[in-house]
Amino acid sequence: MATEENTDRKEETHNGGPERIAAPTAMRHASGQLAQMLQCEPGSVSALKATDDGWSADVEVVEIERVPDTASVMASYHVHLDAQGQLLGYERTRRYGRGQIDR
């Protein structure tokens, strides 16, 4: 079982540049920083990929909460982080109802 200490460790990049944060830490940074910027409840990280200059992630957030919760409006954002996990940019790629399933 991984501890918080183990998941926060940094990894060296292939080109010997600045150290890269570990994937679990990148996921937390992506969802947390995006939620803070948008003032929305973070949902989940549906994709995470290491890039040459850091991390790329797809983050799901609750944009509009409704009752019942299946009527809430969700959004998917593509997030770009540097190697240390700082938010560089984001863009909304999709909006959908919480109960909607991709076909």
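The side chains of Arg 92 and Glu 63 meet in a salt bridge, with N and O 3.2 Å apart. That pair is a good place to start, since it joins distant parts of the chain: Arg 92 sits in strand 6 (residues 87–97) and Glu 63 in strand 4, 29 residues apart. Please keep in mind that this is a predicted model. Its average pLDDT is 85, and 83% of the residues score at least 70.

**Salt bridges**

- The structure holds 3 salt bridges, and Glu 63, Arg 92 and Arg 95 are linked in a network of them.
- Glu 63 also pairs with Arg 95, where the closest N and O atoms are 2.7 Å apart.
- This pair again links distant parts of the chain, with Glu 63 in strand 4 and Arg 95 in strand 6, 32 residues apart.
- Arg 92 counts as partly exposed at 44% relative accessibility, and Arg 95 counts as partly exposed at 44%.
- Away from that network, Arg 98 forms a salt bridge with Asp 69, the closest N and O atoms being 3.6 Å apart.
- Arg 98 lies in the segment after strand 6 and Asp 69 in the loop between strand 4 and strand 5, so this bridge ties together parts that are 29 residues apart in sequence.
- Both ends of this bridge are partly exposed: Arg 98 has 32% relative accessibility, while Asp 69 has a relative accessible area of 45%.

**Glu 60, a buried acid**

- Glu 60 lies in strand 4, the strand that also holds Glu 63.
- Glu 60 is buried yet has no salt bridge.
- Its nearest side chain of opposite charge is Arg 94, 5.2 Å away; a salt bridge needs the nitrogen within 4 Å of a carboxyl oxygen, so this pair does not count as one.
- What the side chain of Glu 60 does have is a polar contact with the side chain of Ser 76, at 3.1 Å.
- Beyond its neighbours within four places in sequence, Glu 60 is in contact with residues including Pro 42, Gly 43, Ser 44, Met 74, Ser 76 and Tyr 96.

**Trp 55**

- Trp 55 is found in strand 4, which covers residues 54–64.
- With a relative accessible area of 7%, Trp 55 is buried.
- A polar atom of the Trp 55 side chain lies 3.4 Å from the backbone oxygen of Ile 21.
- The C-alpha atoms of Trp 55 and Gln 86 are separated by 9.5 Å, although the two residues are 31 apart along the chain.

**Helix 2 and the loop after it**

- Helix 2 spans residues 23–38, so it has 16 residues, and it reaches 23 Å from its first C-alpha to its last, close to the 22 Å expected at 1.5 Å a residue.
- Buried residues in helix 2 include Thr 25, Ala 26, Ala 30, Gln 33 and Leu 34.
- Gln 39 comes just after helix 2, in the loop that leads to strand 3 (41–51).
- The phi of Gln 39 is near 55°, a positive value in a residue other than glycine.
- Gln 39 is exposed, with a relative accessible area of 67%.

**A cis peptide bond**

- The peptide bond from Val 67 to Pro 68 is cis, with omega near 0°.
- Pro 68 belongs to the loop between strand 4 and strand 5 (73–82), the loop where Asp 69 is also found.

**Where to read with care**

- Over residues 1–13, pLDDT stays under 50.
- For that stretch, the model has 20 contacts beyond four places in sequence.

How values were computed. Residues numbered from 1 in each chain as written. Predicted model: local features only at pLDDT ≥ 70, side-chain atom pairs only at ≥ 80, totals over all residues. Heavy atoms only, no water. Helix = DSSP H or I, 4+ residues; strand = E, 2+ residues; numbered from the N terminus. Buried < 20%, exposed > 50% of the residue type's maximum accessible area, 1.4 Å probe, protein only. Polar contact = N/O pair within 3.5 Å; in protein donor to acceptor, adjacent residues only side chain to side chain. pLDDT = per-residue confidence, 0-100. Contact = heavy atoms within 4.5 Å. Lys, Arg positive; Asp, Glu negative; His and termini not counted.
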